[in-house]
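This report goes through one protein model together with its ligand. Please keep the sequence and the structure at hand while reading.

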Amino acid sequence: MLGNSSISQRFAEDFKIGGEMRIPRVDQDLCTGCGACVDVCPEVFELGDDDIARVVNPTGASEDRIQEAIDGCPAEAILWVEE
Ligand code: SF4
């Protein structure tokens, strides 16, 4: 059984594009706090005390699941950024 660090490391490999990492980011000016991204990817997103989503673990889920959260955001407030 893999420990959490091994899983995160495995997912982290999926995020490398030409040696760069891409990670999700929430535009807090656009977020309406609907919570849809948290429902899809609770390992990656959480709602803060201000009811605005934020990224707590950018490599906590597969890229496909994060993309699902991005596609499901009604405010189009989540975007990929390269690190
Ligand atoms: S799905 Fe979009 S609008 Fe809803 S909480 Fe997440 S980032 Fe905010």
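## Ligand surroundings

In this predicted model, the ligand is surrounded by 14 residues, of which Cys31, Cys34, Cys37, Ala53 and Cys73 come nearest. Sorted by class, that shell consists of eleven nonpolar and three polar residues, with no charged residues.

## Nonpolar core

Cys37, one of the residues that come nearest to the ligand, is also among those with the most contacts inside the largest nonpolar core, together with Cys41, Phe45, Ala69 and Ile78. That core has 13 residues. Once neighbours within four places in sequence are left aside, Cys37 is in contact with Phe45, Ala53, Ala69, Cys73 and Ile78. In soluble globular proteins, nonpolar side chains tend to be buried together.

## Overall fold

The protein contains three helices and five strands, which follow one another along the sequence in the pattern α-β-β-α-β-β-α-β. Of its 83 residues, 22% are buried. When contacts between residues at least 6 apart in sequence are considered, 61% of them join residues at least 24 apart.

## Arg25 on strand S2

Arg25 belongs to strand S2, which spans residues 20-26. Is Arg25 buried, partly exposed or exposed? Arg25 counts as partly exposed because it has 14 C-beta neighbours inside 10 Å, whereas a buried residue needs 20 or more and an exposed one has 12 or fewer.

Leaving out residues up to four places away in sequence, Arg25 touches Val55, Leu79 and Val81. Arg25 and Ile70, which are 45 residues apart in sequence, lie 9.7 Å apart in space from C-alpha to C-alpha.

Technical notes
Residues numbered from 1 in each chain as written. Predicted model: local features only at pLDDT ≥ 70, side-chain atom pairs only at ≥ 80, totals over all residues. Near = placed C-beta within 6 Å. Nonpolar A, V, L, I, M, F, W, Y, C, P; charged D, E, K, R; others polar. Core = buried A, V, L, I, M, F, W, Y, C linked by C-beta atoms within 7 Å. Contact = placed C-beta atoms within 7 Å. Helix = DSSP H or I, 4+ residues; strand = E, 2+ residues; numbered from the N terminus.
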